Amino acid sequence: MSLPPDLSGRLRGILGTRLSETAADRGHHAQSESFHRSPAPDAVAWPESAEEVAVILRACNEARVPVIAWGTGTSLEGHALPVQGGLSLDLSRMDKVLEVRPEDMQASVQPGVTREALNTELRATGLFFPVDPGANASLGGMAATRASGTTAVRYGTMRDNVLALQVVLADGRIIRTGTRAAKSSAGYDLTGLFVGSEGTLGVITELTLRLHGQPEEVAAAVCAFDSLDHAVECVSATIQSGIPMARIEFVDAASARAFNLHSGSSLPEQPHLMIEFHGSPNAVREDAARFGDIAAEFGARGFDWATTAEDRARLWRMRHGAYHACLALRPGASGLITDVCVPMSHLPAAVHAAAEDIAAEGLIGPILGHVGDGNFHSLLLVDPASPDEIAAAKRIATRMAERALAVGGTISGEHGIGIGKRGLMAAQHGEGWQLMGQIKAALDPRGILNPGKLVPDRN
Ligand SMILES: Cc1cc2nc3c(=O)[nH]c(=O)nc-3n(C[C@H](O)[C@H](O)[C@H](O)COP(=O)(O)OP(=O)(O)OC[C@H]3O[C@@H](n4cnc5c(N)ncnc54)[C@H](O)[C@@H]3O)c2cc1C
């Protein structure tokens, strides 16, 4: 497919070579980390300002041509795939850190800035941006998916760290949501509406983010447990004790083996917790000691402290690389990743049931996650050519979601819905899902923004 000629001409008039209809550029924007497949977009555009985004959206809205925002394409449920063709709107050239306000602990950035690029820019300020999904994703994409990461247990998710947005609507209007104040109760929370909307309600062209002070002292370690249950029960007990963990990550025996093969570590092939403490030297020492006492009750051993900044960076690089390390356990396989999040008291049972289910279906499915929030993933490794394996993986994923919903949890803790989890939305939201469709229809009456995702199909 190609863009209607008049639209293509109009966009080329604005963007010049920043509009591409080459097979290579279109092909790249039909790729995804997930096992979902999609046709290529009709064209790709690289805007450099909110005004350009507004002109593009207005023109595509008039021509009823779909527009799919693209950050860095790392989302895991086919979110950025142009399933109905149209224009892929790549925000990577809007990559400026516009302003850092250390006295307010805030930064304003364009959506194409990646999380690592922002922290590099902040290095000398004594501040940092904490939200750290495993991939070096764009801040626009992270806001659109309401992403989180290993530090969410202490610093929150994108929902908690986005104060304000500039958004372009389907008809080209440019709006601002939120304020630079630390809180506001002035009307509907439009920032909260766009954070997590996956490019279906508007295109984010600027973000105001909350920054945090770099901790005075940091201590990180990894420790092993003789069973998955003991490791996860230790997490519940730790969180319920009120120790302000900066990070507490769970990895099962299969993940530990994947790390050893992929990152050259020498972890015993057992369940592990990866932990980190932030604070003053006294507070860190005290928190670590309290954690040690709790962990000992659950049989933790082999504490391996990462004493230098390099050791800590290596430890968390290994964790951030878990997805690809686990995929390498079965070369040629695709990964169907689950992402449930449950109330803390239900976490041990949820992880246990998932492990049993994966074993019963005979699939390889490492389990790991941000368990300090009750959020965990299983990466179900399937032969992409085997309908039986894909069906088995989908059965496991559905049962995990149903069990999570039965205890008041959610089908997605951080990855979002995209294509892959749309089938579970009615079960979680009931009539609320229809309401999401009505909100979508009000803001995007022609349905050009990322069609086929998140909300119900229109009648
Ligand atoms: C190895 C690996 C590890 C990961 N670990 C985590 C993790 O720990 N936690 C986590 O939450 N996620 C994780 N993810 C998933 C992914 O990184 C996040 O979903 C991330 O937020 C996606 O950002 P992106 O820039 O790549 O967005 P894309 O994939 O490009 O887009 C994601 C969605 O956002 C929309 N979008 C993008 N930019 C904009 C914009 N400016 N305005 C409006 N809509 C926009 C797109 O249309 C799409 O619907 C991981 C992914 C990988 C590959």
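**Notes on the ligand site and the domain 1/domain 2 contact**

1. The domain assignment splits the protein chain into domain 1 (5-90), domain 2 (97-213), domain 3 (217-323) and domain 4 (328-406). Keep in mind that this is a predicted model.

2. On to the ligand. It has 36 residues around it, and the closest are Ala69, Thr72, Thr74, Ser75 and Ser138. Two of these show up again in the polar pairs: a backbone N or O atom of alanine 69 sits 2.6 Å from a ligand oxygen, and a side-chain N or O atom of serine 75 is also 2.6 Å from an oxygen atom of the ligand. For glutamate 198 the partner is a backbone N or O atom, 2.9 Å from a ligand oxygen. Of the 980 Å² of accessible area the ligand has on its own, the protein covers 97%.

3. Who builds the shell? Strand S3 (67-70), helix H5 (139-144), strand S10 (203-210) and helix H13 (322-327) each give two or more residues, with H5 supplying the largest share, 4 residues. By class, the shell has 15 nonpolar, 18 polar and 3 charged residues. Domain 1 and domain 2 each put at least three residues into the shell.

4. Those two domains deserve a look as a pair. Their centres, taken over C-alpha atoms, are 22 Å apart, and the contact takes 14 residues from domain 1 and 17 residues from domain 2. About 1100 Å² is buried between domain 1 and domain 2, with carbon and sulfur atoms giving 68% of that area. On the domain 1 side, Ala50, Leu57 and His79 lose the most area to domain 2, together 34% of what that side buries.

Key
Residues numbered from 1 in each chain as written. Predicted model: local features only at pLDDT ≥ 70, side-chain atom pairs only at ≥ 80, totals over all residues. Heavy atoms only, no water. Near = heavy atom within 4 Å. Polar contact = N/O pair within 3.5 Å; in protein donor to acceptor, adjacent residues only side chain to side chain. Areas by Shrake-Rupley, 256 points an atom, 1.4 Å probe, with all protein chains shown as cover. Nonpolar A, V, L, I, M, F, W, Y, C, P; charged D, E, K, R; others polar. Domains from an automatic or database assignment. Contact = heavy atoms within 4.5 Å. Buried area = accessible area lost by both parts, 1.4 Å probe.
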